[in-house]
Amino acid sequence: MITQLFINGEFKEAKEKQSVINPSTGKAMAQVALASLKEVDLAIASARAAFDGGEWPRLSLAERKDFLLKIAGGILDKAGELAALESANTGKPIKETTFMDIPAAAKTFEYIANNFESFLNAEIINLPEEAQVTLRREPVGVVVLIIPWNYPLLIASWKLAFALAAGNTVVLKPSSLTPLSALELAGIVQEAGLPAGAVNIINASGPKVGAALCSDKRVDMISFTGSNEIGRQILEYSSQNVKKSIMELGGKSVSLIFSDVDVDTAVNSSLCSIFLNQGQMCTAMSRIFVQDKIYDKFSALFMEKAKALRLGPSESPETQMGPLISDNQRKKVIACIEKARAEGAKVLCGGKIPQGAELKNGYFFEPTVIANVNTHMHIFKEEVFGPVAIIGKFSTAEEAVELANFSDFGLAACIWTKDTLLAERLAKQLNSGTVWINTYGMFYPQLPYGGFKQSGFGKELGQAGFLEYTRLKNIITDQSAGGKPLVNYWYGF
Ligand code: NAI
Ligand code: MG
């Protein structure tokens, strides 16, 4: 297991160490080096030098592609080990990391390796005036990547693969709750033989180093995924030296379930859309609205199945729900439920810390369903980031859209109906960056992903996500007859 900082191509110890906790047991699973401001400075200096004078931005596209494919291969070679590590560190069931997180991380590198060249093609524009313009895509420079704890390796890969493909050099900071898979990724990058300094990966406390990392003049861009609160802080830091940023923030996403659906399918899928990864997903469908005709049937079945979900340690293949990431996160979830109760909502099931010898030391929490919610309540508006769904009714499609759009967020929505014309009409009216029709959670590296409103700005993945990590330069060449452009005559000499 790698526990050091990766700076300028080498693994380095730090003075300070930090325990990394396995949330299934509440026990430390590793002691990891924690970067101080000194190591942050070294990492930025290393990325800056690698960008300004190093090889990475200057490699041929074929060479860059080759390195990215080597990283994809390195992830696949270690897939089993990485899945076990990621599950132990995050608490998410081993089935999820094995079939989703790890293969999707490798696919991200593979996809962008095979496609970025076609995204980069310089465009020539012929102007009516006698000039020719070339639009050139260049890397932005040094990019800071700040990663949350819910999908540590996958989100690190989304950002790292795309930033590197564009020719940037990076400083990547995982969440200090879940640094282990990012450090393994550093090992894979080193084995792939990338030029020193192109990739720096440092475990650090966000509150301690965030301001230094995000306001530094040597950093050109910040790509952040995490809470709105920290997103706003990072925007403040980055405004000091005017940096580009992309922000993938929270959500309060919504499922609209129409009465013509197959209820079993809609229930099973809705369970997945809120209880996967214990609800700690930015796109968790935490608001479920069901058309009145099938509301009773849907909610009874949804609760019955929610109660039957198997909670257990993340490493067990039988486990359907693991623990939350931390005791703090669990306290936050409990506080949201208490507030909902105090405001008059009704907890239909769950809402408690489960009993049982196997669960008592981990940060487990029961899958929770809440009804009697109105749009004024905190639970309707605020992100819980835990296994908590609110369920309510609508009668008309117009009412459904109104409920869905009543939110400061705009990340994702699901529509469940057999009426495809209705679904397509509603999809246009929903204020969210992603709309899934009769499915949930389909992500493709080809498809740009990112929310509207306070869910942030900028896209990840796809050509649009790649272009975020580039800057556009126009190069204008005079073509006028006799080589005398208009400026020559302006003062008439
Ligand atoms: P957070 O926003 O504090 O953490 C995300 C990342 O930001 C971590 O790498 C963290 O170290 C870093 N960070 C923290 N403070 C920073 C600062 N001042 N400057 C720069 N970087 C900083 O998220 P946290 O506290 O772990 O979770 C709190 C809530 O955030 C959750 O309950 C959930 O609502 C939301 N969240 C949303 C995520 C999403 O994917 N949209 C992911 C994780 C959390
Ligand atoms: Mg925080």
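Student: What makes the pairing of a polar side-chain atom of Tyr237 with a nitrogen atom of ligand 1 a polar contact?

Tutor: The two atoms lie 3.1 Å apart, and a polar contact is a pair of N or O atoms within 3.5 Å, so Tyr237 qualifies. Mind that this is a predicted model: local features need pLDDT of at least 70, side-chain atom pairs need 80 or more, and totals for chains, interfaces and linings use all residues. Residues are numbered from 1 along each chain as written, chains are lettered from A and ligands numbered from 1 in written order, and side-chain values use heavy atoms, without hydrogens or water.

Student: Which atoms of ligand 1 pair with the side chains of Lys173 and Gln233?

Tutor: For Lys173, an oxygen atom of ligand 1 is 2.7 Å from a side-chain N or O atom. For Gln233, a nitrogen atom of ligand 1 is 3.2 Å from one. The protein also buries 89% of the 820 Å² that ligand 1 exposes alone (Shrake-Rupley method, 1.4 Å probe).

Student: What makes a residue part of the surroundings of ligand 1?

Tutor: One of its heavy atoms must lie within 4 Å. That gives 25 residues, and the closest are Ile147, Trp149, Lys173, Ser227 and Lys332. The largest share of this shell, 4 residues, comes from α8 (helices are DSSP runs of H or I, at least four residues).

Student: Why is ligand 1 said to lie between domain 1 and domain 2?

Tutor: Because domain 1 (5-249 + 455-476) and domain 2 (254-437) both give residues to its shell. The bounds come from an automatic or database domain assignment.

Definitions and conventions:
Polar contact = N/O pair within 3.5 Å; in protein donor to acceptor, adjacent residues only side chain to side chain. Helix = DSSP H or I, 4+ residues; strand = E, 2+ residues; numbered from the N terminus.
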